Amino acid sequence: MADDVPASSEERLYPATWDEVKEVELEDSLRATPAQRLAWLEEALKLAWLAGAAREDKQS
């Protein structure tokens, strides 16, 4: 507590503001490989299927 001056964004280990969080999320998504993006999509589709959001209504 000897120094009450907040650390700069370069000195922190994690993002502290909403804008910094959004910037980190964007950087992470742009850095993802095609295989990582495909794996994410497969997980999202599986979750949607299990939740019933991806099923078709069978109305005849």
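Reader: Which residue follows helix α2, and what is the sign of its phi?

Author: In this predicted model, helix α2 covers residues 34-51. The helix is followed by G52, and the phi angle of this residue lies near 85°, so the sign asked for, with the residue that carries it, is that of G52: positive.

Reader: What distance should the 18 residues of α2 span, and how far apart are its end C-alpha atoms?

Author: The expected span rests on a rise of 1.5 Å a residue, counted for one less than the number of residues in the helix. For the 18 residues of α2 this gives 26 Å, and the distance between the end C-alpha atoms agrees with the expectation, being 26 Å.

Reader: Is L41 buried, partly exposed or exposed?

Author: L41 lies in helix α2, and together with L38, W40 and L45 it makes a nonpolar surface patch of about 440 Å². A residue is called buried under 20% relative accessible area and exposed over 50%, with partly exposed in between. Because the relative accessibility of L41 is 40%, this residue counts as partly exposed.

Reader: Which residues is A54 in contact with, leaving aside its neighbours within four places in sequence?

Author: A54 has its place in the segment after α2, and at 38% relative accessibility it counts as partly exposed. Once the neighbours within four places in sequence are left aside, the residues in contact with A54 are A48 and W49.

Reader: What percentage of the residues in the protein is buried?

Author: The protein has two helices and zero strands, and its accessible surface comes to about 6100 Å². Of the 60 residues in the protein, the buried ones make up 2%.

How values were computed. Residues are numbered from 1 along each chain as its sequence is written. This is a predicted model: local features need pLDDT of at least 70, side-chain atom pairs count only at pLDDT 80 or more; totals for chains, interfaces and linings use all residues. Side-chain values use heavy atoms; hydrogens and water are left out. Patches are made of residues with over 30% relative accessible area and no salt bridge: like charges are joined within 9 Å, nonpolar side chains (Val, Leu, Ile, Met, Phe, Trp, Tyr) within 5 Å. Accessible areas come from the Shrake-Rupley method with a 1.4 Å probe; for residues, only the protein chains shown count as cover. A salt bridge is a side-chain nitrogen of Lys or Arg within 4 Å of a carboxyl oxygen of Asp or Glu. Helices (H or I, at least four residues) and strands (E, at least two) are DSSP runs, numbered from the N terminus. Buried means under 20% relative accessible area, exposed over 50%, partly exposed in between (1.4 Å probe, protein chains only). Contact means heavy atoms within 4.5 Å.
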